[in-house]
Amino acid sequence: MIPRNPCLRNIKAGYLFPEIAKRRQAFAKTHPEAKIISLGVGNTTEPILPHISQGLIEGARKLGTVSGYTGYSDEGLQALRDRIAEVYYKGHFSGDEIFISDGAKCDIGRLQLLFGAGTKIALQDPSYPVYVDGSVLIGSAGPWTGTGYQGIVYLPCTAENGYFPDLSLLPEQGLIYFCSPNNPTGAVATWEQLTALVKTALEKKSLILFDGAYNEYIRDDQLPKSIFEIDGAKTCAIEINSFSKSAGFTGVRLGWTALSHRLTYADGEQVLPDWSRVSGTIFNGASNIAQAGGLAALEPEGLKEIRGLTDFYLGNAKLIRSALEALGVSCIGGDNSPYVWAHFPGQDSWDLFSKILETCWVVTTPGSGFGPAGQSFIRFSAFGHRQDVEEACQRLEKLKI
Ligand SMILES: *Cc1c(COP(=O)(O)O)cnc(C)c1O
């Protein structure tokens, strides 16, 4: 038979979340009385709010009419591209520098095709698993060495460095994944920090892939919401973003990638036409219905709903963080992000995961699943119904020794 892609062999067994699901199921089987609450996966739980929902309905209705029917939308509906440029990039970008996608994760996978195998990769440790696994799949990283993947520069983000990496570790002419507000740590990079990141990337001729999926959770006005608020970023960064965590579109699927005409490769060629070519080759555009929903989300009424929805999840995060801090657990995040990153020095993340599952019947995510520096941490997700979060917080008291 046909040989297997050797890169697949390099991927460590099991994506983190299926492994969590497996352990949860095994526990549920032996403890059928346990009412398990999940604060694990970063998946939204609340209904899409009325104005945005109406936009989706209207989008579907139009497709059933002669005058409203549309087919492939390629790089996205122009109105949506223009509106994203206006709402999120305040005139820095034109609509033709915004590419609409079916989600940020999907675009991360496709963006890796611009650089190919052998690209030097650097990323925050801990980080969102797709940056690492996508790099392994394309042959830029691997195999697993026991402490990390060969070929990846891990940038530890720890309590000691305030969860911002040592920039002297950045590679020359490499690809730097950077996520702020961060998943899983919930840390948000400051103006000064992002300015230093951009400056270093320019010096080292590296490219930043900035993931801003949680930008709508930022409440502190002093914190930057986009890498493009930083001077010089247009010539060294690409931003990926999504409606998943802001408008609750995890199941609707809509995101975008923003990059400047001025962004070039080492040889001076523009990156944007290649991105257009790659997207056009293996992607046929986002759903027209999802895009109608996205347009509604960016109308004033929709933006108010985004604010309300993210406020709700931030309220959950505050409850979780308070409950943990009352136990003496040191935490970060949850104030400008929907994740609380809890530190249990000296303890193993998977042991903690099991202990919390068995004593509190609460599913969490072991920090070590996001990278070596996540060891001894647990990520608590604020995506949940309020009643469940309140009950989970009460049960966490059982962790008190
Ligand atoms: C949830 C999430 C996304 C969003 O991915 P979609 O494919 O748009 O749903 C992107 N980046 C990070 C870090 C996330 O946690």
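Two strands are taken to pair if DSSP finds at least two bridges between them. In this predicted model, strand β9, residues 330-333, is joined to β10 by 4 bridges, and the two strands run antiparallel. Within this pairing, Gly333 stands opposite Val340 of β10. The two strands form a hairpin, with 5 residues lying between β9 and β10. Gly334, in the turn of that hairpin, has a positive phi of about 85°.

Strand β10 is also joined to β13, a strand made up of residues 377-381. Here 5 bridges are found, and β10 and β13 again run antiparallel. In this second pairing, His343 stands opposite Phe377 of β13. Strand β10 thus has pairing partners in both β9 and β13. The strand itself, which spans residues 339-343, is mostly covered, as 4 of its 5 residues are buried.

The loop that leads from β12 (365-366) to β13 contains Ser368. This residue has a relative accessibility of 22% and therefore counts as partly exposed, since the buried class is limited to values under 20% and the exposed class to values over 50%. When neighbours within four places in sequence are left aside, Ser368 is in contact with Ser349, Trp350, Gly374 and Gln375. A further relation links Ser368 to a distant part of the sequence: Leu16 is 352 residues away along the chain, yet the C-alpha atoms of Ser368 and Leu16 are 9.7 Å apart in space.

The ligand is surrounded by 14 residues, of which Asp211, Tyr214, Ser242, Ser244 and Lys245 come nearest. By residue class, the shell consists of 6 nonpolar, 4 polar and 4 charged residues. Two helices, α5 (104-111) and α8 (244-247), each contribute at least two residues to this shell.

Several side chains place polar atoms by oxygen atoms of the ligand. For Ser242, one of the nearest residues, an N or O atom of the side chain is 2.7 Å from a ligand oxygen. Lys245, also among the nearest residues, has a polar side-chain atom 3.3 Å from an oxygen atom of the ligand. In the case of Arg253, a polar atom of the side chain lies 2.7 Å from a ligand oxygen. Taken alone, the ligand exposes 390 Å², and 95% of that area is buried by the protein.

Conventions:
Residues numbered from 1 in each chain as written. Predicted model: local features only at pLDDT ≥ 70, side-chain atom pairs only at ≥ 80, totals over all residues. Heavy atoms only, no water. Near = heavy atom within 4 Å. Polar contact = N/O pair within 3.5 Å; in protein donor to acceptor, adjacent residues only side chain to side chain. Areas by Shrake-Rupley, 256 points an atom, 1.4 Å probe, with all protein chains shown as cover. Nonpolar A, V, L, I, M, F, W, Y, C, P; charged D, E, K, R; others polar. Buried < 20%, exposed > 50% of the residue type's maximum accessible area, 1.4 Å probe, protein only. Contact = heavy atoms within 4.5 Å.
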